[in-house]
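Student: Please take me through one part of this model closely. I would like the aromatic residues and the packing around them.

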Amino acid sequence: MDTDEAWFTAGANPTGAMRLFLFPFAGGNANTFLPWQALLGPRLELRIAQLPARGVRLFDPPLADMDELVARLTRAVAGLADRPFAFFGHSLGALVAFEVARQLRRGGLPEPTSLWVSGAEAPQTRAVRRRLHELGDAELIAALGEYNGTATDLLGNQELMELVLPGLRADFALSELYVYRPEPPLDLPIHLLLGEEDPHVELDRAAGWSLESSRPVRRRLYSGDHFFLNAHQQSIAALLADVAAKGDVAAKDVDDPRADLDWPATQPRLTP
């Protein structure tokens, strides 16, 4: 099922004036985010990236080459660019969304109106702390438990894990082998969403997203760990819908005491 149409879910809101392309976290599939469509309102049509070796593409060969993945996703997005669209990515998905946005620009294709990056350090300033894709199966399963994003009954099901581990391993390879290529900043607003207790994201390294846009980055902190968005999906979807309806200025109208607009105040340092 390796066609352009296979790379994103079918839209459940064909009359939506704007599309939201959502790029899941490592190992994530569309089922996690399908309930968002009902929360996004009538203006947004949700399209969720479907990578190989998970969900409806469980038996497709996994893909661990970032350039090839970005090329395939870019072609699929370009085929659905008949209306304005935005990108949202969580963790690995934030990195993928960023690279697809840059590939669209390189090709002179329609670009997203905004980029929403969640639970992710910035491309230039991110740190690779472990090489999970090189671990044995038992060690990788144990590491997954530390992220608090996979149900414990799934982690303990050997047959199911044998099916999903190839896709997970490929996703971690995408993240851990990623090489940043310098380019001019994107000319679009970036919204950064972070968990206050996320042990996998350092705020100083997340501040590097300001290097990737010619416009100010807008940051919001949420209670929770790396998968904070599970507990806050309703408020996050409401914010996305508000921005889609009113334009990017809507982000300034949200009464959120943990929202930092035009962040950071100083330019982040590039640190190894």
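Tutor: What follows is a close look at the aromatic pairs and their surroundings. Bear in mind that this is a predicted model.

Start with the count. There are twelve aromatic pairs in the structure. One of them joins Phe 8 and Phe 23. Their ring centres are 5.9 Å apart, and the planes make an angle of 85 degrees. That geometry is edge-to-face. The pair bridges distant parts of the chain. Phe 8 lies in the segment before β1 (18-23), while Phe 23 belongs to strand β1 itself. The two residues are 15 residues apart.

Are these two rings buried or exposed? Buried means under 20% relative accessible area. Phe 8 has 4%, so Phe 8 is buried. Phe 23 has 2%, so Phe 23 is buried too.

A further pair is formed by Phe 33 and Trp 36. Here the centres are 5.4 Å apart and the planes meet at 75 degrees. Edge-to-face requires an angle over 60 degrees, so the Phe 33 and Trp 36 pair qualifies. Both of its residues are buried.

Back to Phe 8. This residue is part of an aromatic cluster with Phe 21, Phe 23, Phe 85 and Phe 87. Setting aside neighbours within four places in sequence, Phe 8 contacts Phe 21 and Phe 23. Its other contacts of this kind are Arg 47, Ile 48, Ala 49, Gln 50, Leu 73, Ala 76 and Val 77.

Gln 50 deserves its own look. It sits in the loop between β2 (44-48) and α2 (66-78). Its relative accessibility is 15%, so Gln 50 counts as buried. Beyond residues up to four places away in sequence, Gln 50 touches Ala 6, Trp 7, Phe 8, Thr 9, Ala 30, Val 56 and Arg 57. Two of those partners, Trp 7 and Arg 57, also meet each other. The charged end of Arg 57 sits over the Trp 7 ring, 4.3 Å from the ring centre.

Now widen the view to the nonpolar packing. Nonpolar side chains tend to be buried together in soluble globular proteins. The largest nonpolar core here has 52 residues. Phe 8 and Phe 23 are among the members that touch the most other members. Leu 73, Phe 87, Val 100, Leu 115 and Trp 209 are listed with them. Helix α3 (residues 92-106) gives the most to this core, with nine residues. A second, separate core holds 25 residues, including Met 18, Leu 20, Ala 30 and Ala 244.

Technical notes:
Residues are numbered from 1 along each chain as its sequence is written. This is a predicted model: local features need pLDDT of at least 70, side-chain atom pairs count only at pLDDT 80 or more; totals for chains, interfaces and linings use all residues. Side-chain values use heavy atoms; hydrogens and water are left out. Rings of Phe, Tyr and Trp (its six-membered ring) pair if their centres lie within 6.5 Å; planes under 30 degrees apart count as stacked, over 60 as edge-to-face and the rest as tilted. Helices (H or I, at least four residues) and strands (E, at least two) are DSSP runs, numbered from the N terminus. Buried means under 20% relative accessible area, exposed over 50%, partly exposed in between (1.4 Å probe, protein chains only). A charge sits over a ring if NZ of Lys or CZ of Arg is within 6 Å of the ring centre and within 35 degrees of the ring normal. Contact means heavy atoms within 4.5 Å. A nonpolar core is a set of buried Ala, Val, Leu, Ile, Met, Phe, Trp, Tyr and Cys residues joined through side-chain atoms within 4.5 Å.
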